[in-house]
Amino acid sequence: KCVTVPGDMSQEHKVNMENRTGIMFDDACKLHFLEGHPESPERLVYIENLLRESGLYEKCVTVPGDMSQEHKVNMENRTGIMFDDACKLHFLEGHPESPERLVYIENLLRESGLYEKCVTVPGIAAQHDHLSKVHSDDMINSVLNTEQLTTDFVHFKTDTFANKYSSAAAHMAVGGLIQVVDKVVNGELDNGFAFVRPPGHHAEANEIMGFCLFNNVAVAAEYAKEVLGLERILIIDWDVHHGNGTQHIFEDRRDVMYYSVHKGFFYPGTGWHKEVGVGKGAGYTVNIPLCKYSMQDEDYMCCFDKVFIPIAKEFSPDLVIVSAGFDPAAGDILGPMNVTPNGFSCMLHQILGLADGKVVCALEGGYGLESTATAAAACVETLLGKTPEYPTGPPSLDAVLDIKKTIEHHLEFWPNALQIPTQEEMEHLVERATTQTMDEGVAIMIQRMNDIKQVNPERDIEDIAAEVFIQPTKGI
């Protein structure tokens, strides 16, 4: 009883039904790029344009791309992490700077689900041109020459070794960090963490020392300046040991600022309040040596609140690189501090407010396997967007005294950013500082004496004792 109406398929779809040839384009594939590289997004643009102009595009069936859930999360978070097995080849049995450090970190990231939420960044070994911006040819060659070792290992220093694979590890440590920096600066990633070893911040321009072969962070900073064209870079070092190499490499410059909060009277014996930079770089090296043992989250946060962040806002960096050593963590086998995983998260959370969030962390120290992994995972969580709970207690009087000394040395350079703590603030902190027992106090003083003797073996022990017991926070 009805009138049947024939359907009339458009010519375009008739062609598609006849040919049944599919083509797939997706803009996500254009996000992978490096300026000047021949494998560029323009390849897809040219192909698609020509297909449309020639009429071939309309004759094909377009197939939508379906991004996996894992990569959807990656696209949203855009936090990069870099691991490479080459960094595990550098080892000496019994040495605390071991490949297990990376294994523990990676395993915890995978078990917690954080690994899958990040973008994995492949490492590429650093080239000589990268390294030579910071290190001498003699130093670079001394590392390369270890590839020809006929013995199991060689010592550059008593504490610093190499086997025949250490050169590959050291080149990957620098190159892997450069890859993360490159992607963050170019906007492919928001931030990132390069889990590399050997560490680097003790390596001088022409000296291997302190477990470090090349200065990973210094080379990456120079790359960001010279190749990526950034004007101002801030390096923040919270390792328990002062980064003597990084400081010395940049201490006469204003384009790369170096901050460090570390244990005073400790290896390598540098990084005192009065070390503010050299020549035109005066004011662009900022050191806070915490001279008391067992400093906590509140003490470290005070360093950031009162000194680091106010100066950084005035400096206005284009990129922040963090020398992320986790040896200030409670439970570390070499560091005598008590920073919790949440404490590291809080420091990093404040840093993420700088440079439009362009922050790259590089693993330095951290020798308690579980404490290092836990702190590293907390930092990755922060990079992914989690806001930590800030400590509410006051810092110790000892910490504020050390911070006050740093402010006094830098007030002439940053008068608008810094303010000396008032007497009222100092009095408020006395109670916590005097809760230490006599036995604990004596033990700390003895440890300080041993630290000073280690750094200055020629000094007389009676002279050291007088200095420690009369002026326990005096610099060497």
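Helices and strands are DSSP runs, a helix (H or I) having at least four residues and a strand (E) at least two, and they are numbered from the N terminus. The exercises below concern a predicted model.

**Exercise 1. Determine where Pro198 lies and which kind of peptide bond precedes Pro198, then treat Pro268 likewise.**

Solution.
1. Pro198 belongs to the loop between β7 and α8, the latter spanning 216-226.
2. The bond joining Arg197 and Pro198 is a cis peptide bond, and its omega is about 5°.
3. Pro268 is placed in the loop between β9 (256-263) and β10.
4. From Tyr267 to Pro268 the peptide bond is cis, with omega near 5°.

**Exercise 2. Locate Phe211 and describe its phi, then relate Phe211 and Tyr267 to the second largest pocket.**

Solution.
1. The loop between β7 and α8 also holds Phe211.
2. Phi of Phe211 is near 75°, which is a positive value in a residue other than glycine.
3. The second largest pocket has a volume of about 330 Å³.
4. This pocket is lined by 21 residues, and those closest to its centre are Asp159, Phe211, His241, Tyr267 and Leu334. Phe211 and Tyr267 are thus both listed among the closest.
5. By class, the lining comprises ten nonpolar, seven polar and four charged residues.

**Exercise 3. Establish the strand order of the eight-stranded open sheet and identify its edge strands.**

Solution.
1. The order of the eight strands is β4-β3-β7-β12-β11-β8-β9-β10, and the pairing is parallel.
2. The edges are β4 (119-120) and β10 (285-290), each of which pairs on one side only.
3. At the β4 edge, strand β3 (residues 79-82) runs parallel to β4 and is joined to β4 by two bridges. Ile81 stands opposite Thr120 of β4.
4. Helix α7 (residues 166-185) lies across β3, β7 (191-194), β11 (319-324) and β12 (359-363). Relative to β12, α7 runs at about 165°.

**Exercise 4. Characterise the pairing of β5 with β6.**

Solution.
1. Strand β5 covers residues 154-157 and strand β6 covers residues 160-162.
2. The two strands run antiparallel and are joined by three bridges.
3. Lys157 has Thr160 in β6 as its bridge partner.
4. The connection from β5 to β6 is a hairpin through two residues.

**Exercise 5. Describe the geometry of the packing of α11 against α12 and the composition of their contact.**

Solution.
1. Helix α11 (residues 341-351) packs with helix α12 (residues 369-383) at an angle of about 35°, and the axes are 8 Å apart.
2. The crossing of the two helices, α11 and α12, is right-handed.
3. With heavy atoms within 4.5 Å taken as contact, α11 contributes Pro341, Phe344, Ser345, Leu348 and His349. Their counterparts in α12 are Thr374, Ala375, Ala378, Cys379, Thr382 and Leu383.
4. The residues of this contact divide into seven nonpolar and four polar, with no charged residue.

Terms used:
Residues are numbered from 1 along each chain as its sequence is written. This is a predicted model: local features need pLDDT of at least 70, side-chain atom pairs count only at pLDDT 80 or more; totals for chains, interfaces and linings use all residues. Side-chain values use heavy atoms; hydrogens and water are left out. Axes are lines fitted to C-alpha atoms, for helices over the stretch in contact, and angles run from 0 to 180 degrees between N-to-C directions. A crossing is left-handed if the near helix is turned anticlockwise from the far one by less than a right angle, and right-handed if clockwise. Ala, Val, Leu, Ile, Met, Phe, Trp, Tyr, Cys and Pro count as nonpolar, Asp, Glu, Lys and Arg as charged, and the others, Gly among them, as polar. On a 1 Å grid over the protein atoms alone, a cavity is a set of points where a 1.4 Å probe fits but cannot get out, and a pocket is an open set with protein on both sides within 12 Å along at least five of seven lines; lining residues have an atom within 4 Å of a point. Grid points are joined across faces, edges and corners, and a volume is the space filled by probe spheres set on the points. Two strands pair if DSSP finds at least two bridges between them.
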